Amino acid sequence: MQETTNISSLPERLAADTQLVKSYLDKIDAFQTDSLSAAEEADYKRRILDALASSGAKMVAHYYTDPVLQDLAEESGGFVGDSLEMARFGRDCDASTLIVAGVRFMGESAKILSPDKRVIMPTLEATCSLDIACPILEFSAFCDANPDRTVVVYANTSAAVKARADWVVTSSVALDIVEHLMERGEKILWAPDRHLGRYIRDTTGADMLLWDSACIVHEEFKARGLRDMRALYPDAAVLAHPESPAEVLAIADVIGSTTQIIKASQALPNSQFIVATDRGIFHKLQRLSPEKEFIVAPTAGNEATCRSCASCPWMGMNTLPTLLAALQELQVVEANDGLTNEVFVDAAVGERAMKPLQRMLDFAAANALKVRGKA
Ligand code: 13P
Ligand code: SF4
């Protein structure tokens, strides 16, 4: 099997990635809002619901966003889901304007799949460490150097990277799609998440050449701490997102996308769960199973170097004030004008990127997806 060696593993490249991610993280502090009083929060919610209703826009949110935004999406007739389901909802809903609360690649996927819809985000600054660390020029060079491989990219990438791919996958379909390609005898070039890539390669035995980036949130989960925690909660099941390191996944009872984690928490008989993913998901977990206890898997800890302990800093940029401001602008701007937080994808890039994205959605529709794990 191919090891994780490629241009993106060079020490100087990894150092450059770290610097780049850090420079993006430095921008985030400007988005921190002072906590709102209950009355202020209620006022924001009312104005947002009014603006959604009067504009006819549909809101779609990821499970990692602030619980108040998840509730707003559902209360307004929109949707909360994992990245695959968000893409599908955006494509299939009949609204002409979509509000995507999540990170940039989610807004771009919505725009690529529905080029005629207006797609707006609370802020376009909300990105993802995987997207940042997979720039199109270097990625293209990697593809050019390996022309015999089928290019499979994770959805957490730019539109340009998707346009260079044969397949786009999210964590809920990645294993099944790679298995399918392997059965067809195809060798794979995978980017950008090394942990997810390695997990798929180890599980399927596929011949995969891996890009070498990681999610800054999931990479912080620690196997040793998890083992200690497990000793404290011997009856708890461990649920992990596959962007977590291999040593963490080795301890997990269930490995899956955010939606697959939620489904496992409902299906398993355990009354306690240790969860290795962004803490935003606890809102849905707890709401669906109020009698169960959910515990955040240990990270490097709030006092350590981790800036994102089980909490994606970019997802956190979706706030009530940024959402309301985006909706207010929508109300005053003429239909043909660009909005500050409107997602644009170059038409030619979008057309190319739509093919691998659509391929993924077609595959998911045709195949019942499995959740992996020992449970
Ligand atoms: P899901 O596809 O499981 O929602 O994951 C998206 C993501 O960004 C995880 O960090
Ligand atoms: Fe990207 Fe990680 Fe945030 Fe998901 S949690 S959006 S992979 S940085």
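Of the 375 residues in the protein chain of this predicted model, 48% count as buried. The chain's secondary structure comprises 16 helices and 13 strands. Contacts reach well along the sequence: among those between residues at least 6 apart, 67% join residues at least 24 apart.

A good place to start looking is the interior. In soluble globular proteins, nonpolar side chains tend to be buried together. Here, the largest nonpolar core has 111 residues, and Val-152, Val-169 and Leu-239 are those with the most contacts inside it. Leu-239 makes a helpful landmark for the eye. Leaving aside residues up to four places away in sequence, Leu-239 touches Ala-252, Asp-253 and Val-254, then Ile-261, Ala-264 and Ser-265, and finally Phe-273, Val-275 and Ala-276.

Three of these partners, Ile-261, Ala-264 and Ser-265, are buried residues of helix H13. This helix spans residues 258-267 and is mostly covered, with seven of its 10 residues buried. The others in the buried set are Thr-258, Thr-259, Gln-260 and Ile-262. Both strands and helices contribute to the cover over the buried residues of H13: it includes strands E2 (79-81), E9 (237-240), E10 (254-255) and E11 (272-276), together with helices H4 (83-92) and H14 (282-288).

Thr-258, buried in H13, also belongs to the surroundings of ligand 1. The rest of that shell consists of Asp-82, Ser-83, Leu-84, Asn-156, Thr-170, Ser-171, Ser-172, Cys-215, His-241, Glu-243 and Ser-257. Sorted by class, the shell holds eight polar, two nonpolar and two charged residues.

How values were computed: Residues numbered from 1 in each chain as written. Chains lettered and ligands numbered in written order. Predicted model: local features only at pLDDT ≥ 70, side-chain atom pairs only at ≥ 80, totals over all residues. Core = buried A, V, L, I, M, F, W, Y, C linked by C-beta atoms within 7 Å. Buried ≥ 20, exposed ≤ 12 C-beta atoms within 10 Å, placed from the backbone. Contact = placed C-beta atoms within 7 Å. Helix = DSSP H or I, 4+ residues; strand = E, 2+ residues; numbered from the N terminus. Near = placed C-beta within 6 Å. Nonpolar A, V, L, I, M, F, W, Y, C, P; charged D, E, K, R; others polar.
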